Amino acid sequence: MNQYPAWKYLLIVLILSLGVFYALPNLFGEDPALQVTSARGFTIPLDLDANIEDALVVENLAFKNKERAGNRMLYRFNSTEDQLRASDVIKQALGEQYVVALNLAHATPTWLRSLGGKPMTMGLDLQGGVHFLMQVDMDTARSQQLDRYVDDLRASLRDEGIRYVSVRREGNGLLALLRSVEDRTSTLELIRKDQSLQGLDVSELDTEEYFGISATVLEAQLLELQKTALQQNINTLRNRVNEIGVAEPVIQQQGADRVVVQLPGVQDTVDAKKIIGATATLEYRAVDEANDAFTAAQTARIPPESRLYNDERGQPILLKKRLIVAGDQLIGANSGFDQQTGQPQVSVTLDGVGAKRMLDFTRDNVGNRMAVVYIEQKPGGRKTEEVISVAVVREPFGKRFQTTGLDSMAEASQLALLLRAGALAAPMEIVEERTVGPSLGADNVEQGFKSVMIGFILVLVFMAFYYRVFGLVADMALFANLVLLVALLSTLGATLTMPGIAGIVLTVGMAVDANVLIFERIREELRNGNTPQASIRAGYDKAFSTIADANITTLIAAFVLFLFGTGPIKGFAVTLSLGILTSMFTAIMGTRAVVNLIYGGQKRVRKLAI
Amino acid sequence: MKFLNKKTNIDFMGKRKIAFVLSAVLIVSSIVILATKDLNFGLDFTGGTLIEVSYATAPEISDVRENLANAGMTDAVVQTFGAASDIVVRIPPKDVEGENSAEISTIVLGALQQDVEGEVVMRRVEFVGPQVGDELTEQGILAVVYALIGIFLYVMIRFQWRFSVGAVTALVHDIIVTMGVLALLQVEFDLTVVAALLAVIGYSLNDTIVLFDRIRENFPRLRKATSLEVVNTSVNETLSRTLMTSITTLLVLSALFIFGGEIIHAFAFTLIVGVLVGTYSSIYVASTTLLELGVSKFDLLAVEKEGATLDSMP
């Protein structure tokens, strides 16, 4: 009477076994591990293993196993103590070229992993770590862009030999004043042609004395600027995070001008903040030897091609406005000590263009001085510029050279790190920070797990008492639902957070609803005097549309949650939606299959245990 | 085991005047409480900094305050959190102005470490800038509004507009009353509570839809009955299911509330209140509204067919 065709049973068995299989990796836990990557993203040389292992043997440290995946090596250890000790040992053995990061590696067996099995990722609130939401200071980025236009226009006018009265910023645009109509026409032509002056909306503007050009930056250009600035910032942040050595960081764009940075396992937020938020870069400029800096400082008459700075001893110094090399032409930087003086230094490697410019400059300027300016951009558009060293060019050089004048080794190594990682295109501000210590994370895991178990067991017991055999069937379905949900979350790579656990708990509560609806219907049908078999069928049939309607409306609410929520709320929405879907399967098809097996074959069922 | 052994025949709708008064009182007092007492907005909305640390031995709160004041944090609120050795420090956003907004936590952690024997373990740091807080409020309200619109449309398609009005009225009732309770008890209103409120919407709706479904089914079945009788019968027929589901959900929520830890407390509490209010509202608010709007069997004839095709699926 009530029987499923064989394929339905097969389907159910198949789905359930897949569920069990993909939920399995969550049972294996994690190993403390170390992840070794190249600081520059190169592939790890094959002989590195030997280096690492020699160093470990010397310290009498044993590791559990190792694996190589693309450009990273992973060493697993038996205990966290071993892991921490080994971290220091390996760092020392490999030096700055490699990054050693603490990691908790999943202990899932290889055969399971090769079939795509992986455990759920734990959110920061469960494993501890830092979450930053950073906002790009777009106003400053725009203002910088405007300054760049002004500088470029001046330089181009000088190069073309067009004399101008002034070129300056005027509100949100720039204003150029010229003496004649002809000059203005050729300037307009220049703006049209010059690559570096694209994206301006130009109009003529006459004053009483002069012929002016007023220009504003096109909205499209600003949007483009915003996009590239954000993209470059994300790249830079990624580089920096790699430099700090964090396993499995998350760096993502959020909205038009924000970036989420998540660093699992990082405890020292002070240090992380300093490195992530820093906007330091270096500029190399020629010293203006033709004019006297002291006179310029006293009379406040500064030659137009130069700017006045204070050198590292606080004395005024005139530096040429024209850059020799800027931080973005740097491709490598390492900290070390000057072999002669013992001073901390940063050795710098330039890219092709930078190297050529540096070579051109130094060849023509042997005996002249060159200054290194350290620039730090603070949120809000303030900028500090500091001359950290002024040195005489003794011989021409290009690609590689040293910069000295740093206060300490720590400063040198931080500068080297920042130079390696690249500068931020626009300053960033931390607008949200969430740090969870490891002890709280562990507590959350324990409490989350405990509350799920207790809630689950309460419902199981209650259902079994209330609906007897049918209740036990519903219990099986509930268990299957939990397994399927965990399997889905694992394969989708969803991150498990505390609200996510709450979502699971809530689904457990609501998943029984479908069964309650069905069972109450069956009871009703029985009360109305129908035969047990007919009641089962009618119960399932009639309850279906109710269950569908009720669940779809809940899905709508969950979907809206997903759209509007951030981070943890999204996690809750995902678990809730998935839970509704899996519960539809287990509570309707799953229980029907079991009920059919129990009662379906019997010709005369006298009584249902419901 | 059965709570309701026989077919119940309680005259729910006969008491709808009383329920109406009760709902009106609940809503009005909730609004009054919300207007006068304000929700206890958490860090997510107000912005500011929160730092939780755990000391080896319970410190003197006054010492902690003094250390913080010396570090320039005069507005810091210091409380114990769970255990006496766990301390939470809250710094309001007006202290957090300027460039070093994110550095506040660093300063506080430094100050807390002063003259303490044994280690001070950082449990968590939360900093929310003022920009973020304002956006969250906006997003939270938008989320609720969009959820209500989506639900209204779906119910209109599957049932009829009177049902949409009934369902949404019940939901608005639930949200207002639940928030009223939160304001009354000054439960901290953070992001997880917003999630809980949306889950309450989902849950209460679930109840309402089940009832509406039965009403739709009963209209053609009980041809001679008045609309009021049909609704009453439907409420009675779904009563045991309503109770069962509420009980199981409350069981797991209590587990979350008791064992889930401090962080999930407000979330679980909101849901518990919401489930209770939601169960009541689907019986009284949703169906009373339906009746007041003059629902009749003619409202559902066209849609009935669609329901029938769905019914035949397993």
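How many bridges join strand S1 (residues 30–38) of chain A to S4(A), and in which sense do the two strands run? Keep that question in mind as you open the structure, which is a predicted model. The exercises below start from it.

**Exercise 1. Build up the sheet that holds S1(A) and S4(A).**

Solution.
- Step 1. Begin with the pair itself: S1(A) and S4(A) run antiparallel and are joined by nine bridges.
- Step 2. Pick a residue pair to anchor your view. Pro32(A) stands opposite Leu104(A), a residue in S4(A).
- Step 3. Now add the other strands. The order S2-S3-S1-S4 (chain A) describes an open sheet of four strands with antiparallel pairing.
- Step 4. Look for the edges. Strand S2 (65–69) and strand S4 (98–106) of chain A pair on one side only, which makes them the edge strands.
- Step 5. Finish with the twist: on average, neighbouring strands of this sheet are turned by 25 degrees against each other, direction ignored.

**Exercise 2. Find Asn60(A) and Asp38(B), and decide for each whether the residue is buried or exposed.**

Solution.
- Step 1. Asn60(A) sits in the loop between helix H2 (48–58) and S2 of chain A.
- Step 2. Its phi is near 65 degrees, a positive value in a residue other than glycine.
- Step 3. Count the neighbours of Asn60(A): there are 7 C-beta neighbours inside 10 Å, so Asn60(A) counts as exposed.
- Step 4. Move to chain B. Asp38(B) is in the loop between helix H1 (16–37) and strand S1 (40–41) of chain B, and phi of Asp38(B) is near 70 degrees, again a positive value in a residue other than glycine.
- Step 5. Asp38(B) has 11 C-beta neighbours inside 10 Å and therefore counts as exposed. The cut-off used in both cases is 12 or fewer.

**Exercise 3. Divide chain A into domains and describe how domain 3 meets domain 4.**

Solution.
- Step 1. The assignment for chain A gives domain 1 (6–24 + 437–600), domain 2 (30–106), domain 3 (139–218) and domain 4 (278–432).
- Step 2. Taken over C-alpha atoms, the centres of domain 3 and domain 4 of chain A are 28 Å apart.
- Step 3. Where they touch, four residues of domain 3 of chain A contact four residues of domain 4 of chain A. On the domain 3 side, these are one nonpolar, two polar and one charged.
- Step 4. Look at a hairpin in chain A as well: four residues link S9(A) to S10(A). Strand S9 (residues 200–206) and strand S10 (residues 211–217) of chain A run antiparallel with seven bridges, and Ser203(A) stands opposite Ser214(A) in S10(A).

**Exercise 4. Work out what chain B brings to its contact with chain A.**

Solution.
- Step 1. Count both sides: 63 residues come from chain B and 69 residues from chain A.
- Step 2. List the elements of chain B that each supply at least two residues: helix H4 (104–112), strand S5 (120–128), helix H5 (130–158), helix H7 (191–221), helix H8 (227–259) and helix H10 (301–311). The largest share, 13 residues, comes from H8(B).
- Step 3. Sort the chain B side by class, and you get 35 nonpolar, 18 polar and ten charged residues.
- Step 4. Check for strand pairing across the chains. Strand S21 (residues 428–436) of chain A pairs with S5(B) in the antiparallel sense over five bridges, and Val436(A) stands opposite Arg124(B) in S5(B).
- Step 5. For the layout of chain B itself, its assignment gives domain 1 (13–42 + 132–311) and domain 2 (48–128), with 41 Å between their centres, taken over C-alpha atoms.

**Exercise 5. Explain why Leu561(A) counts as buried, and place this residue in its core.**

Solution.
- Step 1. Locate Leu561(A) in helix H15 (residues 532–564) of chain A.
- Step 2. Leu561(A) counts as buried because 28 other C-beta atoms lie within 10 Å; the cut-off is 20 or more.
- Step 3. Beyond four places in sequence, its contacts include Ile569(A) and Phe572(A), as well as Ala143(B), Ala195(B) and Leu198(B).
- Step 4. Zoom out to the largest nonpolar core, with 135 residues: Leu561(A), Ala147(B), Ala195(B) and Leu198(B) touch the most other members. Ala147(B) in turn touches residues including Ile556(A), Val560(A) and Leu198(B).
- Step 5. A second, separate core has 43 residues, among them Val100(A), Phe132(A) and Val431(A).

How values were computed:
Residues are numbered from 1 along each chain as its sequence is written. Chains are lettered from A and ligands numbered from 1 in the order in which they are written. This is a predicted model: local features need pLDDT of at least 70, side-chain atom pairs count only at pLDDT 80 or more; totals for chains, interfaces and linings use all residues. Domain bounds come from an automatic or database domain assignment. Two residues are in contact if their C-beta atoms, placed from the backbone, lie within 7 Å. Ala, Val, Leu, Ile, Met, Phe, Trp, Tyr, Cys and Pro count as nonpolar, Asp, Glu, Lys and Arg as charged, and the others, Gly among them, as polar. Two strands pair if DSSP finds at least two bridges between them. A nonpolar core is a set of buried Ala, Val, Leu, Ile, Met, Phe, Trp, Tyr and Cys residues joined through C-beta atoms within 7 Å. Axes are lines fitted to C-alpha atoms, for helices over the stretch in contact, and angles run from 0 to 180 degrees between N-to-C directions.
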